[in-house]
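Got a minute to go through a ligand site with me? I'd like to know what stands behind each label before trusting it.

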Amino acid sequence: PPQHILIRTNVVAVTPWLAPIVWEGTFNPLVVDSIYKPMHLSIATTVFAVGKYVRFLRDFLETAEKHFMVDFKVRYYIFTDRGGDVPAVVLAPGRKVTIIPVPGSNRWQEISSRRMEMIQTTIENQIGKEADYIFCLDVDTKFHGRWGAETLSRLVAAVHPGYYKQTHEHYPYERRPASRAYIPAGEGDYYYGGATIAGYVGDVHKLAKYCREQLEADAANSIEAAWQEESHLNRYLLYNKPTKILSPEYLWQDFKAKTNEVQIIRFSQVNKNYAEVRPNVKKRK
Ligand code: UD2
């Protein structure tokens, strides 16, 4: 059959606002590369490794070098309080690491939430001058397959692997009107994972600044959203629709069995012992 009717039939690859949802089989990597590689784009990638999370950096960086934006100019911005423990990983030409010192904390909720503030200010001070696109990724992860230019767009988010088969009444949105992350019943498109945010540097800056302000407003009212910055991110994206969505191929979790729709796992959260790596404990979602 001709190319325009050769489509995948067990997934929906477009949102109700006509943004692509990227699944294996919906794009041709050779065509995508031939469009984006000649542009000589600079790609910023932020990753936080605070406290014991520095232990995840080696696998993250080594697997990123194999699979993540291969042949692109990539700069990893590593935010850490343990600069001395950042492993020396061999990087391909045109790729480098910049270490950004940040304070430690004894609450994981604060570490994960403060990422928004630090992404905002680092874009203002440095990344804004150095990059075209930015990816903000969790560190307790590994790449297992191609993550390339098919993920580039103005504002990009990934569907959380735990909720992609569910409808919005089951999403763990913040449901208390007192929080700035509040989403009323009956609303919602997807549940997006906090582990992946991407897009043009200016658009991600706007998102990070918004989430930071909302997090601070909640803190001033002594309320913490159900999933911290992820809850504020979900609210932002409900009213500021992403221009491209990454399927759960781009955000999996090692403890989940592979499903039929997911033909390739590209990026996955490793199994971790929360009680051991976090400064304070809480059960996994
Ligand atoms: C989920 C989200 C995560 C975030 C969090 C907020 C996914 C797959 N993960 O993961 O993005 O929204 O919920 O509740 O969507 N970190 C440190 N040191 C610490 C703790 C955290 O550096 O002591 C950083 C690190 O980059 C880590 C990230 O913060 O990858 C997120 O923290 P997490 O992985 O502990 O959160 P988790 O697994 O509950």
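What follows is a short back-and-forth on the ligand's surroundings and the database annotations.

Q: What should I know about the model first?
A: It's a predicted model, where local features need pLDDT of at least 70, side-chain atom pairs count only at pLDDT 80 or more, and totals for chains, interfaces and linings use all residues. Numbering starts from 1 along each chain as its sequence is written, and side-chain values use heavy atoms, with hydrogens and water left out.

Q: Which residues come nearest to the ligand, and what makes a residue count as near?
A: A residue is near if one of its heavy atoms lies within 4 Å of the molecule. There are 26 residues around the ligand, and Phe-48, Tyr-53, Asp-140, Glu-229 and Lys-272 come nearest.

Q: What makes the pair at Gln-228 a polar contact?
A: The cut-off is a pair of N or O atoms within 3.5 Å. A polar side-chain atom of Gln-228 is 2.8 Å from a ligand oxygen, so the pair qualifies. Gln-269 also offers a polar side-chain atom, at 2.9 Å from an oxygen of the ligand, while Gly-194 uses a polar backbone atom, 3.3 Å from a ligand oxygen.

Q: How much of the ligand's accessible area does the protein cover?
A: On its own the ligand has 730 Å² of accessible area, and the protein covers 99% of that (Shrake-Rupley method, 1.4 Å probe).

Q: Which elements give two or more residues to the shell?
A: They are β2 (42–49), α3 (108–130), β8 (192–200) and α5 (228–239). Helices here are DSSP runs of H or I with at least four residues, and strands are E runs of at least two, numbered from the N terminus. The largest share, four residues, comes from α3.

Q: How does the shell divide by residue type?
A: Into 12 nonpolar, six polar and eight charged residues. Asp, Glu, Lys and Arg count as charged, and Gly is among the polar ones.

Q: Where does UniProt place "binding site"?
A: The unreviewed UniProt entry puts that feature at Asp-138 and Asp-140. Asp-138 sits in the loop between β5 (133–137) and β6 (141–143). The UniProt annotation "binding site" (unreviewed entry) also covers His-160 and Glu-230.

Q: Why can you say that His-160 and Glu-230 gather at one spot?
A: They span 71 residues in sequence, yet no two of their C-alpha atoms are more than 10.4 Å apart, so they do gather at one spot. His-160 itself is in the loop between β7 (155–159) and β8.

Definitions and conventions. A polar contact is a pair of N or O atoms within 3.5 Å; within protein, one must be able to donate a hydrogen and the other to accept it, and residues adjacent in sequence count only if both atoms are side-chain atoms. UniProt positions are given in the numbering used here, feature names are shortened, and annotations may be inferred rather than shown by experiment.
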